[in-house]
Amino acid sequence: MLYFFGTEEQRKKYLPPVYKGENTFFGAYTEPEHGSDITQLNTVAVKKGDKYIIKGMKTFITNAPTAKYGLLLAQTDPEKRHRGQTLFIIHTDWPGVTIRRLTGKMGQRTIPVGEIYLDNVEVPAENVLGGEEKGLNQGFYWTLAYFNVSRIGVAA
């Protein structure tokens, strides 16, 4: 998704380590209370100055225990529901980010899966996927576009 919707600067910064095998990447969409229904999110991001403050939780996130960064879908305009969601690039070592590995799953044991807790995590505005001007409140639509393309590979 970063390849398709990220700014040139975001692609140059975050993709090379993944291509070289130096890092894995995650996409955090699923929430405990809503499962894979991304039309409803409890994870919220509120703009404060040149940052967004994110609070919430994501679960069953592939690569969360091993990745240094990834994409996270958050509600930026609650009144717009799914039309007010934005994707953010977040780092797992930022203050307020806690990763917990999930174990004992019946399947998918070859891929590390975890939960991500966000407790007032400060995310720079430049980490809005695609930049604020282009990416604000586009998260739902971009996530669905990505799912449509990636489902072909999953099915194979």
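In this predicted model, helix H4 (residues 139–155) has 17 residues which, at 1.5 Å a residue, should span 24 Å, and its end C-alpha atoms are 24 Å apart, so expectation and model agree. The helix H4 nevertheless bends by about 30° at Val-149. Gly-139, Phe-140, Trp-142, Thr-143 and Phe-147 are buried in H4, and the elements that cover the buried residues of this helix include helix H1 (2–5), strand E4 (69–75), strand E5 (85–91) and helix H3 (132–135).

Strand E4 also holds Gln-75, which counts as buried because its relative accessibility is 5%, and buried here means under 20%.

The contacts of Gln-75 and of Leu-118, leaving aside residues up to four places away in sequence, are set out below.

| Residue | Residues in contact |
|---|---|
| Gln-75 | Leu-41, Thr-43, Val-44, Ala-45, Arg-81, His-82, Gly-84, Gln-85 |
| Leu-118 | Ile-54, Lys-55, Gly-56, Met-57, Leu-72, Ile-90, Gly-96, Val-97 |

Leu-118 belongs to the largest nonpolar core, which has 20 residues, and together with Phe-88, Ile-90 and Ile-116 it touches the most other members. At least two residues of this core come from each of strand E1 (25–28), strand E3 (51–62), E4, E5 and strand E7 (113–124), with E7 giving the most, 4 residues. A second core, separate from this one, has 17 residues, among them Tyr-29, Ile-38, Leu-73 and Phe-140; Phe-140 is also one of the buried residues of H4.

Key. Residues numbered from 1 in each chain as written. Predicted model: local features only at pLDDT ≥ 70, side-chain atom pairs only at ≥ 80, totals over all residues. Heavy atoms only, no water. Expected span 1.5 Å × (residues − 1). Bend = angle between axes of the 7 residues up to and from the residue. Buried < 20%, exposed > 50% of the residue type's maximum accessible area, 1.4 Å probe, protein only. Contact = heavy atoms within 4.5 Å. Core = buried A, V, L, I, M, F, W, Y, C linked by side-chain atoms within 4.5 Å.
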